[in-house]
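Student: I'd like a close look at one part of this model and how it is packed into its surroundings. Could you pick a single stretch and follow it outward, residue by residue?

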Amino acid sequence: MEQTLGPVSRTYTGAPEGGDRDSSKSPEASKGHEKTGKKKKRGKKKHSAKGKDQTSSHQCVNSEHTQSRTTCDQSTQTETESIQTQATQTPSLQCTHTQPTESKSTQTSLSKLTLKQVYEGQVSKGEDQASSTDQLTVLTWNIDGLDGEDLKERIPSLLEYLGKYHVDVVLLQELIPPYLKILQDVMKDYEFLEGSDNGYFTAILLRRSRVELLESNIVKYPTTEMTRNLLVATVKFSGHQLCFMTSHLESLKISSQERLNQLRRVWKRMKEAADGQTVIFGGDTNLRDWEVKKLGGLPDGILDVWEMLGEPEDCRYTWDTVTNNNKEIPFPARLRFDRVYLRTAREGPQLRPDSMTLVGLEKLKCGRFTSDHWGILCTFSFQSQIEQ
């Protein structure tokens with residue numbers, strides 16, 4: 001039986017306390033670590049589909065990169081009020097299994113396709129190209145599972161992106177159990193590792209035909225108030241041993257110290273990995289640049305992939321309310337919350353980034369986007385000692 005998106009309830013209460021958006025207006029605005037502020041009121045079917053012309057993929061290539069290195073202007077990194085109210089009300093998605101009964105003409109519409117058809121249709125378009133290269137592809141994305149609006153468009157859109165890029169490793173944040181169930185039912189070609197089984201959590205998806213899982217574990221953050229942790233997977237890819245990490249670091253401006261404690265723990269784990277391993281961390285860090293500077297910058301041996309590629313401006317902001325209207329903010333907020341860190345192997349071939357691309361930029365018919373975050377798609381290649 002094929003899978004379609006069934007009725008949606010907004011009474012899911014599995015999320016732990018402590019929202020996911022950062023607030024900076026006042027401590028009162030984030031009292032109790034809950035998401036505050038109001039969501040946009042949207043009339044049914046009144047959103048236009050315009051904005052599709054904003055969908056060009058932003059790609060920044062390391063080879064012969066022409067963009068000049070720039071310094072992030074803190075004045076443009078406006079710290080924002082927490083604007084969600086769903087810390088304890090996340091959506092419950094119900095999956096139904098039905099045989100499609102629509103005519104052939106209506107089945108060509110995305111809204112009429114089953115979720116499996118949406119995903120597999122995209123996979124089939126790029127399968128041959130993806131299978132013929134040793135280039136590593138990684139996608140990290142906070143998919144905003146706590147937002148219960150417009151799911152009948154946003155979930156198929158997510159699966160369409162995941163099928164289109166069909167990457168080797170997917171790093172997800174803000175996943176919830178019903179979302180996880182849908183992805184597992186549809187994406188049979190991936191192995192799933194979850195950071196938790198309740199509330200909202202992270203996950204690592206490994207493409208079975210290209211990535212072999214060796215071991216995985218969860219590193220707890222002992223002082224988190226938002227049930228955050230670090231999910232780790234050691235894998236084998238194209239004869240090389242890699243370690244992937246993902247996390248959703250503590251949210252809200254008032255949680256800066258805890259967030260930095262968690263970041264130190266991430267960096268420590270990256271540095272402690274075996275000499276022959278390449279380590280890639282990708283996740284929603286909720287970081288401001290001044291927080292990294294407060295720690296004295298990146299530790300020796302750990303690199304920011306965005307910086308390695310020349311700090312491309314069109315990949316700078318991953319949470320951008322100037323372009324993304326999923327959350328109602330009374331002032332513009334543009335921040336690089338989502339980051340990718342790399343620690344190359346200390347011996348043997350070195351992994352280097354080739355490109356970085358923001359994904360999820362296409363506005364849906366409902367007038368919103370797949371998530372309030374852009375995803376980050378990165379490609380990497382191994383270089384021998386001679387090539388270096």
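**Helix 3 and its surroundings**

Tutor: Let's begin with Leu 159: beyond the residues within four places of it in sequence, Leu 159 is in contact with Leu 115, Tyr 119, Ile 182, Leu 183, Val 186 and Met 187. Please keep in mind throughout that this is a predicted model.

Two of those partners turn up again in the wider packing. The largest nonpolar core has 34 residues, and Leu 159, Leu 183 and Met 187 are the ones with the most contacts inside it. Two or more residues of this core come from each of helix 2 (115–131), strand 4 (136–142), helix 3 (151–165), strand 5 (169–175), helix 4 (177–186), strand 6 (190–194) and strand 7 (201–207). Helix 3 gives the largest share, six residues. A second core, separate from this one, has 30 residues, including Ile 204, Val 211, Ile 280 and Trp 306.

Now for a charged residue. Arg 154 also belongs to helix 3. Arg 154 is buried but has no salt bridge, and the nearest side chain of opposite charge, that of Asp 147, is 4.0 Å away. What does the side chain of Arg 154 reach at 2.8 Å? The partner there is the backbone oxygen of Glu 149. The backbone oxygen of Asp 147 is also in reach, 3.0 Å from a polar atom of the Arg 154 side chain. Asp 147 therefore appears twice around this arginine: its side chain is the nearest of opposite charge, at 4.0 Å and without a salt bridge, while its backbone oxygen lies at 3.0 Å, inside the 3.5 Å limit for a polar contact. Leaving out residues up to four places away in sequence, Arg 154 touches Ile 143, Asp 144, Asp 147, Glu 149, Tyr 179, Asn 326, Leu 364, Arg 368, Phe 369 and Thr 370.

Asp 144, one of those neighbours, leads us to strand 4, where Asn 142 has its place. The side chain of Asn 142 reaches the backbone nitrogen of Asp 144 at 2.9 Å. Asn 142 is buried, with a relative accessible area of 0%. Its C-alpha is 8.1 Å from that of Asp 338, although the two are 196 residues apart in sequence.

Back in helix 3, let's turn to the rings. The structure holds six aromatic pairs. One of them joins Tyr 161 and Tyr 165, a stacked pair with 6.5 Å between centres and 0° between planes. Why might these two sit along the helix as they do? Tyr 161 and Tyr 165 are four residues apart in helix 3, so they are separated by about one helical turn. Ring pairs also bring in Trp 141, which forms a cluster with Tyr 161 and Tyr 165. Tyr 161 is buried, with a relative accessible area of 10%.

For contrast, take Trp 267 and Tyr 341: their ring centres are 6.2 Å apart and their planes lie at 65°, so the pair is edge-to-face. This pair links distant parts of the chain, with Trp 267 in helix 5 (residues 256–272) and Tyr 341 in strand 15 (residues 338–343), 74 residues apart. Both of these residues are buried.

Finally, the wider setting. The chain has seven helices and 17 strands, and 54% of its 388 residues count as buried. Of the contacts between residues at least 6 apart in sequence, 79% join residues at least 24 apart.

Technical notes
Residues are numbered from 1 along each chain as its sequence is written. This is a predicted model: local features need pLDDT of at least 70, side-chain atom pairs count only at pLDDT 80 or more; totals for chains, interfaces and linings use all residues. Side-chain values use heavy atoms; hydrogens and water are left out. A nonpolar core is a set of buried Ala, Val, Leu, Ile, Met, Phe, Trp, Tyr and Cys residues joined through side-chain atoms within 4.5 Å. Buried means under 20% relative accessible area, exposed over 50%, partly exposed in between (1.4 Å probe, protein chains only). Contact means heavy atoms within 4.5 Å. Lys and Arg count as positive and Asp and Glu as negative; His and the chain ends are not counted. A polar contact is a pair of N or O atoms within 3.5 Å; within protein, one must be able to donate a hydrogen and the other to accept it, and residues adjacent in sequence count only if both atoms are side-chain atoms. Rings of Phe, Tyr and Trp (its six-membered ring) pair if their centres lie within 6.5 Å; planes under 30 degrees apart count as stacked, over 60 as edge-to-face and the rest as tilted.
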